[in-house]
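Reader: I am new to this structure and would like to be taken through its strands and helices with some care. Could you show it to me before we begin?

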Amino acid sequence: MLLQRIQQQFIDSADLKYQSAPALAPVVEAAVSALLAGLTGGGKVLACGNGAGAALAQQFVVHILGRHERDRPGLAALSLAADAAVLTGIANDFDGRQMFARQVHALGLAGDVLLVVSPDGQAGNLVAAIEAAHEREMTVVALTGARGGRVATLLRDTDVHISVPHEQASRVLEVQLLVLHCLADGLDSQLLGLPDSTPIDTENPA
């Protein structure tokens with residue numbers, strides 16, 4: 001029985017990825033464009049999430065600041081969930097809801113992009129971060145599950161909402177990891193060109 005349950009987990013994960021690809025691919029493409037516009041315009045990506053969402057956001061920063069699968073100059077990105085001293089200090093001096101918003105207010109500038117990763121989109125600290133990003137005239141790219149929660153209600157027409165059509169957190173997180181890999185690959189493809197193609201000249205675009 002356990003073996004069958006394990007095998008079913010693989011099947012369910014693969015099925016969700018396959019079924020959601022047609023709907024998610026255009027939105028992921030839009031997110032790549034938003035990230036590219038911010039990064040090539042002199043801006044940066046601020047990424048945040050809670051728990052597993054924080055881990056995914058931090059991994060994305062690794063791909064952007066470091067590398068994904070091809071070498072290129074590092075791009076400006078920062079994980080807002082990586083510094084325990086900052087997070088606990090803000091939570092102690094203010095409240096937990098401000099742990100990301102306070103950083104967005106201090107570090108975010110117009111043209112920057114806030115990347116939010118959350119299976120349910122309900123966390124108050126993510127809501128506050130989005131509100132702070134909008135005050136800073138930043139674009140928001142939000143990755144959530146099917147309903148989108150409170151996060152979805154805050155997003156503007158200029159933001160990008162990548163909503164995985166599922167409500168089970170583990171399945172949503174698995175697809176969100178794939179989405180983040182697609183974002184990193186998409187940025188590389190736009191900046192370096194597809195394999196055996198000519199890179200985009202970001203200084204003198206056609």
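Reader: Which residue stands opposite Ser163 in S5?

Author: The model is a predicted one, and S4 is the strand that pairs with S5 here, in the parallel sense and over four bridges. Strand S4 covers residues 139-144, and Val141 in this pairing stands opposite Val160 in S5. The residue that stands opposite Ser163 is Thr144.

Reader: Which residues make up the covered face of strand S5?

Author: Strand S5 spans residues 160-163 and has two faces, one covered and one uncovered. His161 and Ser163 belong to the uncovered face, whereas the covered face is made up of Val160 and Ile162.

Reader: Through which helix does the chain cross from S4 to S5, and is this crossover right-handed or left-handed?

Author: Between S4 and S5 the chain passes through helix H6, which is formed by residues 149-154. The result is a β-α-β crossover, and its handedness is right-handed.

Reader: In what order do the five strands of the sheet stand?

Author: The sheet is an open one and its pairing is parallel. Strand S2, residues 77-79, and S5 each have a single partner strand, so they stand at the edges and one side of each is left without a neighbour in the sheet. From one strand to the next the twist averages 15°. Read across the sheet, the order is S2-S1-S3-S4-S5.

Reader: How many bridges join S1 to strand S3?

Author: Strand S1 also pairs with S2, in the parallel sense and over three bridges, and Leu46 has Leu78 as its bridge partner in S2. In S3, residues 113-117, the residue that stands opposite Leu46 is Leu114. S1 and S3 run parallel, and the number of bridges that join them is five.

Reader: How many of the residues of S1 are buried?

Author: Val45, Ala47 and Gly49 point one way from S1, while Leu46 and Cys48 point the other way, and all of these are buried. The strand is therefore described as mostly covered, and the count of buried residues, with buried meaning under 20% relative accessible area, is five of five.

Reader: Is Cys182 buried, partly exposed or exposed?

Author: Cys48, which lies in strand S1, makes a useful starting point, as its relative accessible area is 0% and it is buried. The relative accessibility of Cys182 is 37%, and a residue counts as buried under 20% and as exposed over 50%, so Cys182 is partly exposed.

Reader: How many disulfides does the structure hold?

Author: A disulfide is a covalent bond between the sulfur atoms of two cysteines. In this structure the number of disulfides is zero.

Reader: Are H2 and H7 roughly parallel or roughly antiparallel to each other?

Author: Helix H2, residues 52-66, also belongs to a right-handed β-α-β unit that it makes with S1 and S2. Against helix H7, residues 169-192, it packs at an angle of about 15°, with the axes of the two helices 10 Å apart, and H2 passes H7 in a right-handed crossing. Angles under 35 degrees count as roughly parallel, and H2 and H7 are therefore roughly parallel.

Notes:
Residues are numbered from 1 along each chain as its sequence is written. This is a predicted model: local features need pLDDT of at least 70, side-chain atom pairs count only at pLDDT 80 or more; totals for chains, interfaces and linings use all residues. Side-chain values use heavy atoms; hydrogens and water are left out. Buried means under 20% relative accessible area, exposed over 50%, partly exposed in between (1.4 Å probe, protein chains only). Two strands pair if DSSP finds at least two bridges between them. A crossover is right-handed if, with the strands pointing away from the viewer, the path from the first strand over the helix to the second runs clockwise. A disulfide is a pair of cysteine sulfur atoms within 2.5 Å. Axes are lines fitted to C-alpha atoms, for helices over the stretch in contact, and angles run from 0 to 180 degrees between N-to-C directions. Angles under 35 degrees count as roughly parallel, over 145 as roughly antiparallel, 65 to 115 as roughly perpendicular and the rest as oblique. A crossing is left-handed if the near helix is turned anticlockwise from the far one by less than a right angle, and right-handed if clockwise.
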